Amino acid sequence: MWDKVTMIFWFALGTVFGSFANVLIYRPIAGLKISEPRFSMCPVCKKRIAWYDNIPLLSYIILRGRCRSCGSKISLRYPIIELVFGIVFLLNHIIFPLDIAICFDLLFLANLPAIFTDLKLMLLPDYTWIVTLGVGIYLNVRYFRSFILLDLMGGVLALSILLFLRWRYKGGIGEGDIFLFPVYSFAVGFVFMPFLMFISSISGLLFSKFRKSRVIPFGPFIIATGYLFLMIRLINNIIGNF
C-alpha cells in the first residue's frame, strides 16, 4: 500500500520536473538557449526570479500569477504544466514498478516540451528521440527481449518508409520525424508499428483541417500515439506475468 509521504514525494518531484519542462518549452520558442541564462527571469522586466518565487505551484499561488518585480501576468501554462507533471509522475509510480515508472517519467519530460516546440516552430529537439531511444532499448532488453529482433525490424521498416516519403515528396517529412518515428516504432514493437503509423498519420491529417498552413507538425501525433501504445504494451506485459 502507498503511504501519503511517498505519494506526496512523487507528486512534488513531478512538479519540479514540470518546472524544468517549462524551461524546455519557453526558451526555444523565445529564441533563447536552454542553458543560458543559467537562472530564471521574468520575460517582461528581465529581472532574475528569486528561488522563493520559483517554487512549483506554490509561488504562482502566493504571487497570484504575477511577477513580484513588475507585476506582469505569469502565463497560466506554467502552473498547469507543473500540475500535469505532478499527476503524471504520481500515476506512473502507482501503476508501474519503479524502473518502468522512471522510464515513463523521463519519456514524459523529453516528449511533452517537444509537442509545444513542434507545434510552434516545427522543431523536434534531439533530446526527444535520444531519450526515447534510451527508454526503448532498456524496456526491450528488460521486458521484451524475445521480440527485440522483430522490433528492430519494425524500426528499420519505419525508417525506410519515412526516407522514401522524404525523397518522394522533396523533404515533405521533417528531419526530426525521421529520427523519432523509427525510435517509437522500435519501442512499441513490430505489432504496434502499423497502428502507430496509421493513427498518428490520420490524427495529423485531421489536425491539418483546422490549420491554414499545409505543413503539418507530425511529431506531436507520433509522441501521443507512441506513448499510449508503449504504455499499453507495458501494462499488458505486467498483467501477463501475474
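Where is Leu57 found? Leu57 sits in the loop between H1 and H2, and the views below start from there. Please keep in mind throughout that this is a predicted model.

**View 1. Leu57, a loop residue with a positive phi.** Here we look at the loop between H1 and H2, where Leu57 is found. Its phi is near 65 degrees, a positive value in a residue other than glycine. As background, most residues other than glycine have a negative phi.

**View 2. The largest pocket and its lining.** Welcome to the largest pocket, which holds about 830 Å³ of space. A lining of 39 residues surrounds this space, and the ones nearest the centre of the pocket are Ser40, Met41, Ile49, Asn54 and Tyr78. Three elements give two or more residues each to the lining: helix H1 (4–30), helix H2 (58–62) and helix H3 (77–95). H1 provides the largest share, with five residues. Sorted by class, the lining contains 21 nonpolar, nine polar and nine charged residues.

**View 3. Helix H4 from end to end.** If you like checking a helix with a ruler, try H4, residues 98–121. At 1.5 Å a residue, its 24 residues should span 34 Å, and its end C-alpha atoms are 35 Å apart, so the two values agree. Follow the chain just past H4 and you come to Met122, which takes a positive phi of about 60 degrees.

**View 4. H4 and H5, with Met122 in the loop between them.** How do the two helices pack? H4 and helix H5 (residues 126–143) meet at an angle of about 160 degrees, and their axes are 9 Å apart. Because angles over 145 degrees count as roughly antiparallel, H4 is roughly antiparallel to H5. The crossing of H4 past H5 is left-handed. In the loop between H4 and H5 lies Met122, another residue other than glycine with a positive phi, here near 60 degrees.

**View 5. The packing of H6 against H7.** Helix H6 (residues 148–168) packs with helix H7 (residues 175–188) at an angle of about 155 degrees, and 7 Å separates their axes. That angle makes H6 roughly antiparallel to H7. Their crossing is right-handed.

**View 6. The packing of H7 against H8.** What angle do H7 and H8 make? H7 and helix H8 (residues 193–208) pack at about 135 degrees, with 9 Å between their axes. This makes H7 oblique to H8. As for handedness, H7 and H8 cross in a right-handed way.

Note on methods: Residues numbered from 1 in each chain as written. Predicted model: local features only at pLDDT ≥ 70, side-chain atom pairs only at ≥ 80, totals over all residues. Heavy atoms only, no water. 1 Å grid on protein atoms, 1.4 Å probe; cavity = no way out; pocket = protein on both sides within 12 Å on 5 of 7 lines; lining within 4 Å. Points joined across faces, edges and corners; volume = space filled by probe spheres on them. Helix = DSSP H or I, 4+ residues; strand = E, 2+ residues; numbered from the N terminus. Nonpolar A, V, L, I, M, F, W, Y, C, P; charged D, E, K, R; others polar. Expected span 1.5 Å × (residues − 1). Axes fitted to C-alpha atoms, helices over the stretch in contact; angles between N-to-C directions. Parallel < 35°, antiparallel > 145°, perpendicular 65-115°, else oblique. Left-handed = near helix turned anticlockwise from the far one by under 90°.
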